[in-house]
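Let's take a walk through this model, one local feature at a time. Have the viewer open and follow along.

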Amino acid sequence: MLLRSHTCGQLRHDHVGQVIRLNGWVNSYRDHGNLIFIDLRDRFGITQLVFDPDDGVPASLMEQADKLRNEDVIAIEGKVRARIGGENPKLATGKVEIVVTSLQVLNKTANPPFLPEDPTADGKITLANEELRLTHRYIDLRRPSMQRILGLRHKLYQTTRRYFDENGFLEIETPVLYKSTPEGAREFLVPSRHVAGTFYALPQSPQLFKQILMVSGCDRYMQICRCFRDEDPRADRQSEFTQIDLEMSFVRRDQIMDMMEGFVRRLWKDLAGVDVPPIQRMDYRTAMEDYGIDRPDTRYDLRIKDISDFASKLDFGVFKSVLEKGKDRPRFYSKKGVVKALRVPGGADKLTRKITDGYTEFVKGFGAGGVAVVKVIKGDDGAPKLDTGIAKFLEPLKAEFLQLLGCQIGDTVLFVADTYSIATKAIGELRQKVARDMGIVPKPGAEGGPWNFLWVVDFPMFEKNKDTGKWVAMHHPFTSPRDDQMQAFLNADVDDEVTIEGIVSAGYDIVLNGQEIAGGSVRIHDQAVQSKVFRLLGLTPEQAKEKFSFLLEALSFGAPPHAGIAFGLDRLVMNFVGTDNIRDVIAFPKTQVGSDLMTKAPSHVPAAQLKDVHVQSIAQQP
C-alpha cells in the first residue's frame, strides 16, 4: 500500500515539484477525453488529481483511472504541479494538482445509496432524507460539514480539559452501572445476572457520585460523561447524551459562577473567535414576569406585562372570573388568577385574524382557555384607535391602557388570563411563537446572529407536579436553599403551599439565545437539611434511607460546602454549528423514537439470554 505522506487538505503552492502520496475517497470523476480528473477527499480536504498522458502517464494507468467511481478508496503517488488558469479559490488546495504516476485501488465501493455531499447555495445539491442518512451513517459522516462538526467537537473536548486542568480540577470517571433512583426522569434499567430480580440503572447524571467525591476530599472534579434518560427524544434532546460535569468544594455561589463564566469565555474564544462580555444575571421571577419562561431568549425585546390591577377595572367577565381565583394570596402564588399582556409592535399588519385565531388553540396546549386580542390602528382623527377583539371593553379606559403598555399605532396586544402558573407558561410560549411569526428571531450564532448569554438565578426550590399533586424539586433534590431562605425552609410544613412555593434555592442556569446550556446549584452538605428535603418530597425516612443511605451517611462524616454545574455538550456544539437538530452534532444519534437505524437497535434477544439475567419478556417475540 502507498502510505500517505500528506493529507488531502495540506498541499499548497510551496509543494510544487515534490513527489507525494495521498490516500482517500474518490469525491468526483471527470473524463475530459485525453485527461482524467479525480477529486480525492479525506477528512482534511480535497485535492485534484490529474491523469495526463502528456506527462508520461502510461495507457495502463489511464485505463485503471477510467474505472474509478465516486467513493472508491484509493492510494496514489505523483508530483505536485501548479494549476495554471484552472485555480479553484473555493479549495484550500485549489492552486495545485497532482499528476498521478501510481495508483492503487484499496477498495471498490458498491453503488452508494447517496453521495456524501453538502447542500449548495444554488440548490443543485440537496441532502438525502434523514432516515436514509441515519441508516447509512458511515456515508453521511463523510460529508465535509459532518467532518468539521466532529473536529469541532474534538476541539471542545480539548479546550474543556485544558481549562479545568489549569484550574486544579481532577478528571475522574464515575460508574455507568448505578443504583436506581426513580424520582427523576425515567431510567434505563440493566438486569443483574448475579442477583436474580435486581437491576442496575444507567445514570441520568453523576450527581450523587460527584457529591461523594467532594466528601472524599477531591475538592475539584470534572468529567465529560455519558448520561441516559429513557424519555422521548426531541430536536434538542437525546435519550443518550454527553455532559461536562463539574463540582467544587469550599465555594460560594458567586465563585463557581465566576469559574464557569471563565470557561464559557474560553470556549467561545477558542472555537468561535468571540469575546464574550460579562454575563448578565436575571432572577427567576424577573424571567418569568418579563418573558414567561426560565430560559428567556433576549435577542428580541418582546416583554410580557402583568396587567391584573388594570384588568380588574374592566367590565369583562372572563377577566373578572379569573381574578377571583386566589385573590388573597401572594403575587407569585401559582393558583392566583392573573391577566398577562404581550404588546407586539407592528403586529396589526403582520398578525392576521387567521393567525391570532390560531393562538387560542396554541395556548390551550398549555392549559389556558384562549387568547384575547386588540389592535391599535389609526383613527379618522389620526389618533390611536382600538379595534377588533376586546376593544369595546378597553375603550372606557383607553388612555390608561395605551400608556400602561406603551402602545403605538400599528401594535397588536395579546392577553392570556388564568392562574399564575398556567397564564405565565402559556404566554411565555406564545411570545416565542409570535417572534417566529413576526420574523424577528435572529439566525443562530454560526450564521452571524448575536450570542446572548444570561445567568438565571434564584429558582424556587419546589414546584407541584400537576399530575400527582406532590412536591418535586425544580432542579434536583440535592439543591440547597439560598442562605437567607434556610430558616424558612427548616420551618416549612408540607401542607403550607404558600411558604414552600416561596422558598428560593441556590440554583443557577446559563441560558444562550433561549436555550439552557448549563444548570447547577449549591448542594446540600448537611444531613438534616437533606433529610428535610426528602420529607417535603413525600419520602418517608425508610424510603429515603433505602434510596440514598450512602449519601445521607456520607453527609454525616464531614461533608464540605460544595457546588456544581453540568453543561450540555451536545447543545454547546449545536450553538457553534448553528443547527437546531441535535442529531446533526452526534456521530451516531437515535431517531425521534429512540432507534438506531444503522445497527437496528433496540432489538429482540433470545429467550435463553433473557433467562440468563432472570428476565421474562411479556412482549411477543418474533
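A word on naming before we start: helices here are DSSP runs of H or I with at least four residues, strands are runs of E with at least two, and both are numbered from the N terminus. Keep in mind, too, that this is a predicted model.

With those labels in hand, head for the loop between α19 and α20 (607–612), which is where Pro-602 sits. The peptide bond joining Ala-601 to Pro-602 is cis, with omega at about 0°. Back in helix α19 itself (residues 569–577) you'll find Asn-575. Its relative accessibility is 12%, so Asn-575 counts as buried. The side chain of Asn-575 also has a partner: it makes a polar contact with the side chain of Gln-515, at 2.9 Å.

Next, some helix packing. Helix α4 (residues 144–166) and helix α6 (residues 253–272) have axes that come within 10 Å and cross at roughly 140°. Angles over 145 degrees would count as roughly antiparallel, and the crossing angle therefore makes α4 oblique to α6. The crossing is right-handed. On the α4 side, the residues in contact include Leu-152, Leu-156, Tyr-163 and Phe-164, while α6 brings Met-259, Phe-263 and Leu-267, among others. Sort the whole contact by type and you get nine nonpolar, three polar and five charged residues.

Just ahead of α6 there's a backbone oddity. Phe-250, in the loop between β10 (240–249) and α6, has a positive phi of about 55° despite not being a glycine. Most residues other than glycine have a negative phi. As for its surroundings, Phe-250 has 59% relative accessibility and so counts as exposed.

Thr-388 is another non-glycine residue with a positive phi, near 65°. Look for Thr-388 in the loop between β15 (384–387) and α12 (391–394). At 39% relative accessibility, Thr-388 counts as partly exposed.

Last stop: helix α7 (residues 284–291). Which of its residues are buried? They are Tyr-284, Ala-287, Met-288, Glu-289 and Tyr-291. Their cover includes the strands β11 (280–283), β12 (304–306), β13 (337–344) and β17 (453–457), along with helix α14 (420–438). Both ends of α7 are worth a look. At the N-terminal end, Asp-283 acts as a cap, with a side-chain oxygen 3.1 Å from the backbone nitrogen of Arg-285. Just after α7 comes Gly-292, with a positive phi of about 75°.

Conventions. Residues are numbered from 1 along each chain as its sequence is written. This is a predicted model: local features need pLDDT of at least 70, side-chain atom pairs count only at pLDDT 80 or more; totals for chains, interfaces and linings use all residues. Side-chain values use heavy atoms; hydrogens and water are left out. Axes are lines fitted to C-alpha atoms, for helices over the stretch in contact, and angles run from 0 to 180 degrees between N-to-C directions. Angles under 35 degrees count as roughly parallel, over 145 as roughly antiparallel, 65 to 115 as roughly perpendicular and the rest as oblique. A crossing is left-handed if the near helix is turned anticlockwise from the far one by less than a right angle, and right-handed if clockwise. Contact means heavy atoms within 4.5 Å. Ala, Val, Leu, Ile, Met, Phe, Trp, Tyr, Cys and Pro count as nonpolar, Asp, Glu, Lys and Arg as charged, and the others, Gly among them, as polar. Buried means under 20% relative accessible area, exposed over 50%, partly exposed in between (1.4 Å probe, protein chains only). A polar contact is a pair of N or O atoms within 3.5 Å; within protein, one must be able to donate a hydrogen and the other to accept it, and residues adjacent in sequence count only if both atoms are side-chain atoms.
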